[in-house]
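I opened the notebook with the sequence and the coordinates side by side. Below is what I looked up, entry by entry.

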Amino acid sequence: MAFVLAALILTSLSFSADTAPNPISVKLTVDEELALIRTFFTQRGKTTATATEQDWIDAVVSIRGPLRPARTFWVGGIVPPSGNGTASSLTGAAGSNAAYLGPFVGSDRSSPSAPFQPILAGGVVIPTETGKELEFRSGAISAGFPTNATNKGFTGISLDARVAYGTFDTVQGGSRGFAYNPLNTSAPPVELPQPTGVTRSTAVGGSADGRTITGEGFEGFNRTLRLKARLTTDSGITFEGTSGADSFPGSVHTHPTAISGDGSKTVGYHLNSQSRITSWLADDVRMRWTDLGTLPGQTTSEARALTHNGGTVVGSSGHGFIWTEMRGMRPLQVPFGATRSEARSISSDGAFIGGFSRDGTSTQRAQLWLGDETNINAQAMFRGYGLTFGGATLNELTSIVRNQDGSYTFLGNATLNGAPRGFVAHLDAGDGTRPAIATQPAAQAAGAGGTAVFSVNATNATGFQWQRNGATIFGATTPTLTLTNVQAAHAGNYTCIVANAAAAVASAPAALTVAPSVSRLSNLSVRATAGTGASTLIVGFTTAGGSKSILLRGVGPTLGQFGVPGALADPQLALFNASSAQTAQNDDWGGGAALTASFGSVGAFPLGATSKDAALLATLAPGSYSAQLTGVGGSTGVALVESYDADAGSPLARFTNLSARNQVGTGANILIVGFNVTGSASKRLLIRAVGPTLAQFGVAGSLADPQLLVTDNNGTVFARNDDWGAEEAISGAAGSVGAFPLPASSRDAAAVVTLPPGSYTVQVSGVNNTTGVALAEIYELP
């Protein structure tokens, strides 16, 4: 059904000529019909400028024959009688002859300070001189109301167009409901009767046959008012009586908003003594009230509309909701980018739900949902397929009418050049051959960043619309859907709606599975002065996920090739496990083939085969390890310690923590730690620079006030921190990975940062150029 509406928007405007009194056997274009109307006027000595509303109706009757719902799509902007009204809205229902005659009802006022006036939307579709668009002639109703009555406005109309109803303000400052016969504009409006004690009343809804009208009666507080109306003749309306004013049990104020088409149920909302506003449904046959409640987490809900038999209710509770007795209240899908949505109308059969949504800037747009709760963006549906409203913006769908031939009429509010307008759109019921799907879309699997392609093959199809998990993918209107740079959020079931003017058919769902994105810490490097005792250069790492191949290097003499002064002449490495037991060691790496191959596989620069640099390759069980670099014979100097993930591919085993501890100096002698994030996704990390807290572990000369800076190779700063400040995000992250806690008042530094794949450095220095021993840590976060 959704795409039938979109497909029909593409249909050219044409009119099917009917029989008698003046049969025409051909379909007329807008220009042809306009020419015939001019001829009709000329024969009667009139022009389009001097023709009355009745002249227009007579002309259309003459050309088209008996008026009935047409199988065409038409739209018109409702222009207030004043031409510059600040409020013009359409509510109510289309009659059985509604495709051309209507009538539709609403209200208007000529200026912000002027009172509202009720509008009958003129009952005839007129091809305009310019643009060949369709509009309505309309007129304000003023006669027959009490003297000085103000703010008169229609709120609805029966399906047979014989009873319209609304509310006006009285001279005494109260309000009164009224009923009116749109088919006899010479008959005055009839004021609704009021039960004893009711001081003012309003009319808010009516049944499809116009015999039951509901509204509010006020007698100290608001109550629901139900009246039985009966059209005795075409010249007037009388009332059979009223059931009185009822209130929801325990309610302070009871507000009705709509009545079902069969007149059996009424919906609304009430305010209880706890100032909680909740929706209700009243069964007028069984005299039963049902509290519909609110959506989870909400304190307010307002029911706004219901189906013909009252089985489905829609409204708003933070967002739009749909309620049925079987499933209770459920939220309607929130449109993409919207911060709020409200459902205000539903067709009698429940096929369509209408309302509006707002974004963060409070911009309001009309919203249309299918009755199965799938979201459709009405702004796109009504404007996105070549149809224009002369620059109008659709703001709200106020009424959806299912006509006798199975077509639908949509009414709502729009804005044109800053002024309010109403709009009307008609969805043809369609006929002909239904589309058929010859080849269903196939399931797809893709890795993160990859491409997935869905396709469907259909016969008798003129339109296509792809959906994901029932939500429309705007712009996806071809038989093939191509998704690039696929991510986990794209996973789901994809369906294609294929349609023509007769019907819409949904394909079988095709699942898209997306392999998870993988990223990991791949290496750590530290260049610093390797000393003795507390100044020993120490790196640590923790692995998880299985056995892992690790390449460790202690580079000293080769640094001279890169212009590093004071390089350590003969470094040696010792690897220790979490129990402080030495598990491996190396002095001179010796030029072995396995080590040489591993240098190339991880992208490390080569070492001379006879150099005194140290290196070792080890396969380690999951756990925590530390590597110490010292100079042979107690020598000291500048050295580089590197630890690499030496496994090929993307194994499950990975580094979960990398760390380095050393003396922090000033200038070029601060502690600088380099690391890499590799893979296809960003990585969330906890990075810490620990100084004073090291004293708790017996480390002498710890840095009293460290600060850290995280940058990439281009110098872009990703994080900066001096004192960690007991932030909950940092303490929570530390707890999640088992890092030792930092005292709340400590001057240690820490930050949580999310980094895309790339190379990064952590710089640890002392505030005000202080020096001391510090520990730099990098933790993988969940």
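These entries run from the whole chain to pockets, cavities and single residues.

**Entry 1: confidence**

I began with how far to trust the coordinates, since the model is predicted. The protein averages a pLDDT of 76. I noted that 71% of the residues score at least 70. Where is confidence lowest, and where is it highest? I found the low end in helix H1 (residues 2-9), with a mean of 25. The high end is strand E50 (residues 706-712), at 95.

I then checked two weak stretches. Residues 121-138 have pLDDT below 50. That stretch still has 73 contacts in the model beyond near neighbours in sequence. Residues 377-390 also fall below 50. There I read 49 contacts beyond near neighbours in sequence.

**Entry 2: the whole chain**

I looked up the secondary structure next. The protein has six helices and 54 strands. Of its 782 residues, 53% are buried. I also looked at contacts between residues at least 6 apart in sequence; 61% of them join residues at least 24 apart. The protein exposes about 31,600 Å². Carbon and sulfur atoms supply 51% of that area.

**Entry 3: the second largest pocket**

I put the volume of the second largest pocket at about 810 Å³. Its lining has 29 residues. Which of them lie nearest the centre? I listed Gly 540, Ser 626, Ser 659, Leu 775 and Glu 777.

I traced the lining back to its strands. Strands E40 (537-544), E42 (571-577), E45 (623-631), E47 (654-664) and E54 (772-780) each supply at least two residues. By class, I recorded 15 nonpolar, eleven polar and three charged residues in this lining.

**Entry 4: the second largest cavity**

I turned to enclosed space. Rolling a probe the size of a water molecule over the atoms shows where empty space is left. I recorded two cavities of 30 Å³ or more. The second largest has a volume of about 40 Å³. Strands E16 (277-283) and E17 (288-293) each give two or more residues to its lining. I wrote down the lining residues: Arg 226, Asp 246, Ala 282, Asp 283, Asp 284, Met 287, Arg 288 and Trp 289. Five are charged, three are nonpolar and none is polar.

**Entry 5: Asp 246**

I followed one residue of that cavity lining, Asp 246. It lies in strand E13 (residues 236-246). Is Asp 246 buried or partly exposed? Asp 246 counts as partly exposed because its relative accessibility is 22%, and buried means under 20%. Leaving out residues up to four places away in sequence, I found Asp 246 touching Arg 223, Thr 224, Arg 226, Thr 254 and Trp 289. Two of these names, Arg 226 and Trp 289, also appear in the cavity lining. I checked Asn 222 as well. Its C-alpha is 8.8 Å from that of Asp 246, and the two are 24 residues apart along the chain.

**Entry 6: Arg 527**

I moved to strand E39 (residues 519-530), which holds Arg 527. Arg 527 is partly exposed, at a relative accessible area of 42%. Which residues does Arg 527 contact, leaving aside neighbours within four places in sequence? I noted Val 564, Val 638, Ala 639, Leu 640 and Ile 672. Arg 527 and Glu 642 are 115 residues apart in sequence. Their C-alpha atoms are 8.8 Å apart in space.

**Entry 7: Ala 744**

I looked up Ala 744 in the loop between helix H6 (728-737) and strand E52 (749-755). Ala 744 is exposed, with a relative accessible area of 52%. I still found contacts with Trp 724, Gly 725 and Ala 726, not counting residues up to four places away in sequence. Ala 744 and Ala 726 are 18 residues apart in sequence. C-alpha to C-alpha, I read 4.7 Å between them.

**Entry 8: two positive phi angles**

I closed with backbone angles. Asn 485 is not a glycine, yet its phi is positive, about 50°. I placed Asn 485 in the loop between strand E35 (480-483) and strand E36 (492-499). It is partly exposed, at 48% relative accessible area.

Asn 769 also has a positive phi, near 60°. I placed Asn 769 in the loop between strand E53 (758-766) and E54. Asn 769 is exposed, at 60%.

Technical notes: Residues numbered from 1 in each chain as written. Predicted model: local features only at pLDDT ≥ 70, side-chain atom pairs only at ≥ 80, totals over all residues. Heavy atoms only, no water. pLDDT = per-residue confidence, 0-100. Helix = DSSP H or I, 4+ residues; strand = E, 2+ residues; numbered from the N terminus. Contact = heavy atoms within 4.5 Å. Buried < 20%, exposed > 50% of the residue type's maximum accessible area, 1.4 Å probe, protein only. Areas by Shrake-Rupley, 256 points an atom, 1.4 Å probe, with all protein chains shown as cover. 1 Å grid on protein atoms, 1.4 Å probe; cavity = no way out; pocket = protein on both sides within 12 Å on 5 of 7 lines; lining within 4 Å. Points joined across faces, edges and corners; volume = space filled by probe spheres on them. Nonpolar A, V, L, I, M, F, W, Y, C, P; charged D, E, K, R; others polar.
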